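Let's take a walk through this assembly together. Have the sequence and the 3D view open side by side, and follow along one chain at a time.

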Amino acid sequence: MAPFSTIVLRDVRIAFRRLSEAANPLLFFMVVTTLFPLALSPSADELREVGTGVLWVSTLLSSLLALEGLFRSDADDGSLEQLMLSPVPLGITVLAKIAAHWLLTILPLIALVPILALSYEMPAAVLPTMVGALLLATPTLSVLVALGAALTVGLRRGGAIVGLLVLPLTAPLLIFGTRATEFGLHDEPAAGPLYLLAALAALSLALGPVAIAAALRVGVE
Amino acid sequence: MRLPRWFHLLGSPPFVYRLAGKVAPWLGVVTCVLLAVGGYWGLVVAPPDRVQGEVYRVLFIHPQIAYVSVMAYVVMAIAAGIGFVWRIKLAHGVAATAAPIGASFTACALATGALWGRPTWGTYWQWTDPRIMSETLLLFLFLGYLALRAAFEDRDKADRVSAILAVVGVVDVPIIHYSVIWWNSLHQGPSIMKLDKPSISPEMLTPFLIMVAAFTACFCWLLLNGLRGEIVERERDTRWIRELVAGTRG
Amino acid sequence: MTDFLRMGGDGAYVWSAYGVTLAVLVFNVWWARRRHRAALERARASALDERVGRRPTVRQIE
């Protein structure tokens, strides 16, 4: 496990050196969730109704923002090739990078969600379900974002199309996550979608790194 | 593992080019005949529906186009996967040909669905219908594949990177499909699934199936047609192409 | 005949749907043919360039 934690810590340390860049997704998240009430001028009830959807979509969009740091900056300075040449299996390296992305980008978002949810007039009782759903859905999200980054790592302006590539693939996450949250909102059992999210997480963490490693090998050659 | 000779031949561009050149016209004839027969049957011969009257006749094109659009994605993904694993350029060519055909069919499915929806549901577009959502996401998957291909200048890289995307997409397609159906099952309201008939009368079933065959043949025809152009494009600087074009007026 | 065209009042929708489908098919056929012809033209041109001794993209500086 040592190579795994080494890579994770490395990415975290690099991110902390450029803290303003690392904070971008979080700031974007806050801005977007501020824009919706501005645009909708909703009543308290309307706000509560759209809160689930708005927060989930904003999470998806914000997670795309840390793409550059995932592979491109490493590819630019040659360290990605070093990582690929090392005896550590590329799948492990990829998993480590995904873990780092999740810790740096997603976890702060999830930490902020309760406050924003309350600001959207959502009852505190929904928070455990909502945060739980986010915790289960976001690993898959990180895998898909990493896949988008790996597919476009060889491109100069790959960032432009990554949204088109990744976001349609995240539709099931959005569906199950928002439904779980809605169930929590109406005091209904949310176990069904939560289990499905967990299954998707298991599937993507197992198979994702294979595809991502393959994409990196093509992109970096 | 000793592979049969025809397997190797299928990887040979000149062989496939000539084979497609001979088979495609026949597929074209079959397609036109089936479309004509099925179309006439569906539009003229089949009786009006009890519930929807005459407008149900879109039943003879819309589901077929939608089904072929999904089949096109699967064909594309399988071909791309074969090309990636076994490094067969021709397989990548099949995927590249199938993509725009599939994308146009998907768009067509959405358009015909909307045109059917307006007189029957009262609205052109209903976001909460699972089939609309599934098909729309499929369109984005096609467009994403095409965009990724186009972004790479090196054709070989474009082939392999987009192959990965296609294979991931094809794994996601059933997941998307069932998640969307599950999502919709929670909205029991007025959205009735288009094929929610308890049974389809035999006078309607026959043209329905004829059109399924027609559009399937159509896809194969378009695929072989497009593949020939794709092969010439990819093989532009090879001897066999040189000889091919030298044989024609230069 | 007019009954047939009117399709119980919804003729516009039915015929538009069939028309769109036909248009998509015709477009696909036309597009494939065009691409094939263009590819053959390009192959012919680059074969000609090679025969004449002219490299298509490299210019000799005299």
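**An antiparallel pair in chain B**

Helices α2(B) and α7(B) are roughly antiparallel to each other, a label for angles over 145 degrees (under 35 degrees would be roughly parallel, 65 to 115 roughly perpendicular and the rest oblique). Their axes, those of residues 13-45 and residues 202-234 of chain B, come within 7 Å and cross at roughly 155°. Here axes are lines fitted to C-alpha atoms, for helices over the stretch in contact, and angles run from 0 to 180 degrees between N-to-C directions. The crossing of α2(B) and α7(B) is left-handed, that is, the near helix is turned anticlockwise from the far one by less than a right angle (clockwise would be right-handed). The contact of these two helices has 24 nonpolar, seven polar and one charged residues. In this count Ala, Val, Leu, Ile, Met, Phe, Trp, Tyr, Cys and Pro are nonpolar, Asp, Glu, Lys and Arg are charged, and the others, Gly among them, are polar.

A word on what you are looking at: this is a predicted model, in which local features need pLDDT of at least 70 and side-chain atom pairs count only at pLDDT 80 or more, while totals for chains, interfaces and linings use all residues. Residues are numbered from 1 along each chain as its sequence is written, and chains are lettered from A and ligands numbered from 1 in the order in which they are written.

Now step back to the whole of chain B. Its secondary structure comes to eight helices and zero strands, where helices (H or I, at least four residues) and strands (E, at least two) are DSSP runs numbered from the N terminus. The C-alpha atoms of chain B fill a box of roughly 60 × 40 × 40 Å along the principal axes. Of its 250 residues, 48% count as buried, meaning that 20 or more other C-beta atoms, placed from the backbone, lie within 10 Å of the residue's own (12 or fewer is exposed, in between partly exposed).

Which chains share the most contacts? Among the two pairs of chains that touch, it is chains B and C, with a contact being two residues whose C-beta atoms, placed from the backbone, lie within 7 Å. Here 34 residues of chain B are in contact with 26 residues of chain C. On the chain B side, α4(B) gives the most, with ten residues. That side has 18 nonpolar, eight polar and eight charged residues.

Turn next to chain A, where 20 residues are in contact with 22 residues of chain B. The helices α8, α9, α10 and α11 of chain A each supply at least two residues of this side, which has 16 nonpolar, three polar and one charged residues. Chains A and C do not touch, and their nearest C-alpha atoms are 24 Å apart.

Within chain A, the axes of α8(A) and α10(A) come within 9 Å and cross at roughly 170°, and these helices are therefore roughly antiparallel to each other. Their contact has eight nonpolar, five polar and no charged residues.

Finally, look inside. The largest nonpolar core has 152 residues, and those with the most contacts inside it include Ala215(A) and Met76(B). Such a core is a set of buried Ala, Val, Leu, Ile, Met, Phe, Trp, Tyr and Cys residues joined through C-beta atoms within 7 Å. Leaving aside neighbours within four places in sequence, Ala215(A) is in contact with Leu147(A), Ala150(A), Leu151(A), Val161(B) and Ile164(B).
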